[in-house]
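Here is a colleague's note to read alongside the model. Keep the 3D view open and look up each residue as you come to it.

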Amino acid sequence: MAQNSARLKYFTASQQLNKKLIADLFARADRFKDGLKSKRRLNILNGKTLILLFYEPSTRTRLSFEAAMVNLGGNVLSTENAKDFSSAVKGETLEDTVRVVQEYGDAIVVRHTEEGAADRMAAISRVPVINAGDGRGQHPTQALLDLYTIKEELGRMNDFKIAFVGDLTNGRTARSVSYLLGKFDGVEMTFVSPHNLRMRDDIKEYLNKHKVSFSEEHDLRKVLPKVDIVYMTRLQKERMAEADFALAKASQFIINMENFKLLKQGSRIMHPLPKVDEIQLPIEIEQKDQRVAYFRQAANGLPVRMALLEHLLQDPGDYQ
Amino acid sequence: MAQNSARLKYFTASQQLNKKLIADLFARADRFKDGLKSKRRLNILNGKTLILLFYEPSTRTRLSFEAAMVNLGGNVLSTENAKDFSSAVKGETLEDTVRVVQEYGDAIVVRHTEEGAADRMAAISRVPVINAGDGRGQHPTQALLDLYTIKEELGRMNDFKIAFVGDLTNGRTARSVSYLLGKFDGVEMTFVSPHNLRMRDDIKEYLNKHKVSFSEEHDLRKVLPKVDIVYMTRLQKERMAEADFALAKASQFIINMENFKLLKQGSRIMHPLPKVDEIQLPIEIEQKDQRVAYFRQAANGLPVRMALLEHLLQDPGDYQ
Amino acid sequence: MAQNSARLKYFTASQQLNKKLIADLFARADRFKDGLKSKRRLNILNGKTLILLFYEPSTRTRLSFEAAMVNLGGNVLSTENAKDFSSAVKGETLEDTVRVVQEYGDAIVVRHTEEGAADRMAAISRVPVINAGDGRGQHPTQALLDLYTIKEELGRMNDFKIAFVGDLTNGRTARSVSYLLGKFDGVEMTFVSPHNLRMRDDIKEYLNKHKVSFSEEHDLRKVLPKVDIVYMTRLQKERMAEADFALAKASQFIINMENFKLLKQGSRIMHPLPKVDEIQLPIEIEQKDQRVAYFRQAANGLPVRMALLEHLLQDPGDYQ
């Protein structure tokens, strides 16, 4: 799936990125982030249309992509009912769907319940396909904005300690961003989760192969004083056994005021949002303490997705 | 909630408006109404984006806001699935949702099932929040277009008699517009409803406090010959006991041809639409008799919402 | 319903078209098809808004209309929740809905579950109404793009043999396109379907009246070597008895590799898509064999719908 060309033709997995591509995308994102302050609409993708096919609703991700496209001067056509014309209902293959839908626009953003769906679509599509989450697979634009946030908040992408906390078995976020972090030197990872919700073996093998240092812990409180980034993930009650859920809400796996005080100065709390019980901080702390980074992280979704869309869609004649 | 500044920062309740603001908004609406005839798109909000978060579907209201924004040259990003990423499903607070979504656009229109939801969002949002209906609370842009319609149809906003008819307990329309009418002199209100569906006490107290004259009646036929405006409201079968519903459909609470003849010349029938059994007039009467004002009323939603969006979004630097 | 004016005021049925109108629309479509290659956005419908009211989801059709409008420089406002404010839920009539919604834009595209719904709306609307499928009624823009595809693929619209295959009782596609083909000389139709799924009598009467030659067959394999166009239709399992469905999937009613070999050179397979079991060809054949025309057919939906929108919406002052 990885590609060596100077430019991406699609974006379905974190592993596609190398340091050069990351630098290109982040330079674009920096430029857009500055521009967003002046609230000027750009004309970079005038006349281009982005198609969003969401086979499950994810309003937040959809709105973020739509806002990115609209900010670049482009148009969006969306559906959150994609499964209504998909294999589930009428038996059409994903490949057929792509061959029809690619005629309506210049790129396709797809969210699907099945791992690998975006890759299948990218393999046949004439236009770039972007993975906005494929079941238990990846959510690579989330990973990209996470990395961008680390760079912004710490001022560097190497030599730091990060803890991933929560349901690491079912959550795809930690997974996607781990692939990215493996490209940088001196990143030490700690996985903090109840026993039944540990990081899966494939990611551990990947990290070993790429010589990324990682360890596992069962009490966040031991980890908090040492790390630069605490990456919390949402407890997805609907996907967990009741006992696991109860355990994951216990104080060794959450950030409440007591645990918050264990964090060192200069560290940051990240979260892909939405958050629930795993973070219990008063709104005043969230608004004033610089260590609360998750709303700035969410805001970074816009310039990062703008960067990706510009990268994929500007002057398509250039990359063949 | 009321504010005295020359310009609104958000719009969640009718009570925020004073006569000066109403005059400002209606002057803008007049200008847009003239412009709409020539069907020219304006460029007033070029490059601005309106976010619509609907926690319950209300296609009509949503389309009306979207059309208003598009007519001003702006963009819209919408969801009628907002509850899919809300507290209901994932446990996120409204405050968190706002802090994420405000990054995607320049204003947020919210429709929610809970009274007070729009106020909670406005309290934390960096961008203007507009209430498009919050449960049994308010629907203040409806109230505004109702008042605008009265001004257009009667040529004045004071010294007239108005009857509100139907389910006045559960309907928020009569409630919102009553607050507005309380600001003008010589408005006499009559509330006509079955005993179990009477106007609630809080609005009566408000009217008493503002010295607005009102009375209650139980037979519309006694009222029709005397009023300038008959404001009918929809019988919401789903929210009413069966006996109440049957009673509300009885001839003393509806407009059929027989009752229609009781109306005086120069009077007007209004209705926020959609209407059902409470108005039973042939289509020819609706098309020809000037007293049927409800489709003109619906059409006024567009210039009035354009006025509000321009007021809130143009040159935001001006009001701090 | 037919109209003799030089220009359509609405488009709800194939029978509205005459040869002159078809020529006008196809000339426009040709122009757009050329233009689409250069991916330039046009400014023909700048400032116009298309409203899409879908009372049942049909994402593919909706996206196609939206893409057509956006490509012409116009705006779209859409709902796939239209039934949430319709008679089904709140008891509003279609006529009332039109009288409100027509204020929000310049044309209405409607998809409805009830035959005749689009005609009822067109009868009262101030703005053009386009039928995007009304239950078992028609889907006339599909018929138009089918005819356009025949012209493109065969180089002519007369003197050819066409077979319609599948569920001809419930499918509205063959029905709509048959009306159009009846206007041209030398078209020979064969209807191939299981006994219980035969073409209905009304269309046969229409064809007899217009002196169009047709016959019925029960084995596609006998027909394939003789026809220029095989028009396959989707087996709608949800609308068929189990025994009928099993029969319709039998080899005398489908295109698999074995049957495919029976097709003569220069012939074409069409299908309105989505397709399921009725076509079983490997992806390589679909990509390389010129006889597979259904993805080009789907792509023709865009220029044909652009042509229709331009025809209906450009300079509305011209036709009164």
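## Notes on strands, chains and salt bridges

1. Let us begin with one pair of residues: Val192(A) stands opposite Glu217(A) in strand β7 of chain A. Please keep in mind that this is a predicted model. The pair belongs to a parallel arrangement in which five bridges join β6(A) to β7(A), residues 213-217. Between these two strands comes helix α8 (residues 201-209) of chain A, and β6(A), α8 and β7(A) together make a right-handed β-α-β unit.

2. Now look at the other partner of β6(A). Strand β5 of chain A (residues 160-165) runs parallel to β6(A), and six bridges join them. Within this pairing, Ala163(A) faces Thr190(A), which lies in β6(A). To get from β5(A) to β6(A), the chain passes through helix α7 (residues 173-181) of chain A, and this crossover is right-handed too.

3. Is β6(A) enclosed or open? Five of the six residues in this strand, which spans 187-192, are buried, so β6(A) is largely enclosed by the rest of the structure. A useful point while you look at strands: in a regular strand the side chains alternate between the two faces of the sheet.

4. Move to chain B and find strand β5, residues 160-165. This strand is mostly covered, with five of its six residues buried. β5(B) runs parallel to strand β6 (residues 187-192) of chain B, and six bridges join the two. Ile162(B) is placed opposite Met189(B) of β6(B). Helix α7 (residues 173-181) of chain B completes a right-handed β-α-β unit with β5(B) and β6(B).

5. β5(B) also pairs with strand β8 (residues 229-232) of chain B, in the parallel sense and over four bridges. Here Phe164(B) sits opposite Tyr231(B) of β8(B).

6. Where is His139(B)? This residue is in the loop between β4 (129-134) and α6 (140-154) of chain B. His139(B) has a relative accessible area of 6%, so it counts as buried. Apart from neighbours within four places in sequence, its contacts include Thr61(B), Arg111(B), Asn131(B) and Arg305(B).

7. Next, compare the chains as copies. Chain A can be superposed on chain B by a rotation of 120° with 0.1 Å of shift along its axis, and the RMSD is 0.0 Å. The two copies are therefore related as by a three-fold rotation axis. In chain A, the residue whose C-alpha comes closest to the rotation axis is Asn75(A), at 5.4 Å. Chain B is laid on chain C by a turn of 120° and a shift of 0.0 Å along the axis, with an RMSD of 0.0 Å. Of the residues of chain B, Asn75(B) comes closest to the axis, at 5.4 Å for its C-alpha.

8. How do the chains meet? Between chain A and chain B, 25 residues of chain A contact 24 residues of chain B. The two bury about 2300 Å² between them, with 56% of it on carbon and sulfur atoms. There are three salt bridges between chain A and chain B, and one pair to find is Glu286(A) with Arg99(B), whose closest N and O atoms are 2.6 Å apart.

9. The contact of chain B and chain C takes 24 residues from chain B and 24 from chain C. About 2300 Å² is buried between them, and three salt bridges are found across this interface. Look for Lys275(B) and Asp96(C), whose side chains meet in a salt bridge at 2.9 Å, N to O. Asp96(C) also meets Arg99(C) in a salt bridge, at 3.0 Å. These two residues are three apart in helix α4 (residues 94-101) of chain C, so about one helical turn separates them.

10. Finally, try a salt bridge inside chain B: Arg31(B) with Glu310(B), at 3.1 Å between the closest N and O atoms. The pair links distant parts of the chain, with Arg31(B) in helix α1 and Glu310(B) in helix α13, 279 residues apart. Which of the two is buried, and which partly exposed? Arg31(B) is partly exposed, with a relative accessible area of 44%, whereas Glu310(B) is buried, at 2%. Over all chains, the count comes to 75 salt bridges.

Notes
Residues numbered from 1 in each chain as written. Chains lettered and ligands numbered in written order. Predicted model: local features only at pLDDT ≥ 70, side-chain atom pairs only at ≥ 80, totals over all residues. Heavy atoms only, no water. Buried < 20%, exposed > 50% of the residue type's maximum accessible area, 1.4 Å probe, protein only. Pairing = 2+ DSSP bridges. Right-handed = clockwise from strand over helix to strand, strands pointing away. Least-squares fit on C-alpha atoms with pLDDT ≥ 70 in both. Contact = heavy atoms within 4.5 Å. Buried area = accessible area lost by both parts, 1.4 Å probe. Salt bridge = Lys/Arg side-chain N within 4 Å of Asp/Glu carboxyl O.
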